[in-house]
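Visitor: I would like to learn how to read a structure model feature by feature. Where do we start?

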Amino acid sequence: MITIKEAVSKKEIKQFVTFPFSLYKNSKYWVPPIISEEIKVFNKNTNPVLQNADTNLFLAYKNGKLVGRVAAIINWLEVGNKDSNKIRFGWMDMIDDLEVTKALLDKVEVIGKAHKLSYMEGPIGFSNLDKVGVLTYGYDEIGTMVSWYNHPYYVEHLNQLNFKVEKKYVEHKHRFSDILIADSNRLETVIKERYKLRALDFNKTEDLMPYADKMFDLFNQSYASLSSFVEITDIQKAFLKKKFLNFINPEYIKFVVNEADELVAFGVVMPSFAEALQKIKGKLFPFGIFHILK
């Protein structure tokens, strides 16, 4: 017998966050989140996205044993501003049992219909800044810290439940030896001269902060026409600056401005933290932080 229960208490929310640790216990490729940070995602006091979004966390039990989870999400900025009449679902994990998957998604559907929404989409987070999608191949490749990993049967379950592919994302790995730097440098010179552009390099975090809000504004402008896009609000900007920009080496953040000192492009790169996250097994302290720093 399958029972669906909403996770409300601190204990239940922690169970929701830690369920994948047992599901992927023996996987060499799954990358675990930091448990304390993942719990904060579902707390209105620590995640400003929840000021404009509702979320319900559900746990699935079969014969009394925890066997699945899913988050039902309504981002009211999206529903109101883009006329996107949908409910999102994310953080979906379950054992290889189609009835468990169906029971979880049925619960999402009930909430969506109760709010007179037309359809559901997922797996997806609150916005484009969250993880998205179902892995459809590459199960023998280590996951990244910004993408969900899943077992192959996830795709089979969604297909059997008549979900349709809305969009596809492709992740690439490039060798530096395959990148033709000389050609890029020649093109860079032409573009910089024609459009009067200059690149900004930073050695200190405080030097890039004056451009941070402009970066998020450019992000909003550039991605506005994409499906599932939700604008980053001013409150979220402050949150993201504190959480991420203070953490990233400023040398990994590049801005391009025009002759009026207006930001026209930016890029952020980071080393992979996947192996370090696997080693710390969801816990920063007492020793996990040293793996991250290394």
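**Reading the chain**

Guide: Start with a proline in a loop: Pro286 lies between helix H10 (274-280) and helix H11 (288-293). Keep in mind throughout that this is a predicted model.

Visitor: What is the peptide bond from Phe285 to Pro286, cis or trans?

Guide: Most peptide bonds are trans. The bond from Phe285 to Pro286 is cis, with omega near 10°. A cis bond also joins Gly122 and Pro123, where omega is about -5°. Pro123 sits in the loop between strand S5 (119-121) and H5.

Visitor: Which sign does phi have at Lys281?

Guide: Most residues other than glycine have a negative phi. Lys281 has a positive phi, near 55°. The residue belongs to the loop between H10 and H11. Lys281 counts as exposed because its relative accessibility is 61%, and the cut-off for exposed is over 50%.

Visitor: Where is Lys196 found?

Guide: Lys196 is in the loop between helix H6 (181-195) and strand S6 (198-200). Its phi is positive too, about 55°, although Lys196 is not a glycine. With a relative accessible area of 46%, Lys196 is partly exposed.

Visitor: Now take His157: is it buried or exposed?

Guide: Buried means under 20% relative accessible area. His157 has 2%, so it is buried. The residue is part of helix H5 (residues 153-160).

Visitor: Which residues does His157 touch, beyond those up to four places away in sequence?

Guide: With those neighbours left out, His157 touches Met94, Ile95, Asp96, Asp97, Leu98 and Thr101. With Thr101 there is also a polar contact between the side chains, at 2.7 Å.

Visitor: How many helices and strands are in the chain?

Guide: The chain has 11 helices and 8 strands. Of its 294 residues, 39% count as buried. For contacts, look at how far apart the partners are in sequence: among contacts with a separation of 6 or more, 65% are between residues 24 or more positions apart.

Visitor: What radius of gyration does the chain have, and why does that agree with a compact globule?

Guide: The chain has 21 Å; this agrees because a compact globule of 294 residues would have a radius near 19 Å. Along the principal axes, the C-alpha atoms fill a box of roughly 70 × 45 × 35 Å.

Visitor: And how many charged side chains are there, positive and negative?

Guide: There are 40 positive and 36 negative side chains, and the centres of these two sets are 6 Å apart. As for the surface, about 18100 Å² is accessible, with 54% of that belonging to carbon and sulfur atoms.

Key. Residues are numbered from 1 along each chain as its sequence is written. This is a predicted model: local features need pLDDT of at least 70, side-chain atom pairs count only at pLDDT 80 or more; totals for chains, interfaces and linings use all residues. Side-chain values use heavy atoms; hydrogens and water are left out. Helices (H or I, at least four residues) and strands (E, at least two) are DSSP runs, numbered from the N terminus. The radius of gyration is taken over C-alpha atoms; the globule rule is 2.2 Å times the number of residues to the power 0.38. Buried means under 20% relative accessible area, exposed over 50%, partly exposed in between (1.4 Å probe, protein chains only). Contact means heavy atoms within 4.5 Å. Accessible areas come from the Shrake-Rupley method with a 1.4 Å probe; for residues, only the protein chains shown count as cover. Lys and Arg count as positive and Asp and Glu as negative; His and the chain ends are not counted. The place of a charge is taken as NZ of Lys, CZ of Arg, CG of Asp or CD of Glu. A polar contact is a pair of N or O atoms within 3.5 Å; within protein, one must be able to donate a hydrogen and the other to accept it, and residues adjacent in sequence count only if both atoms are side-chain atoms.
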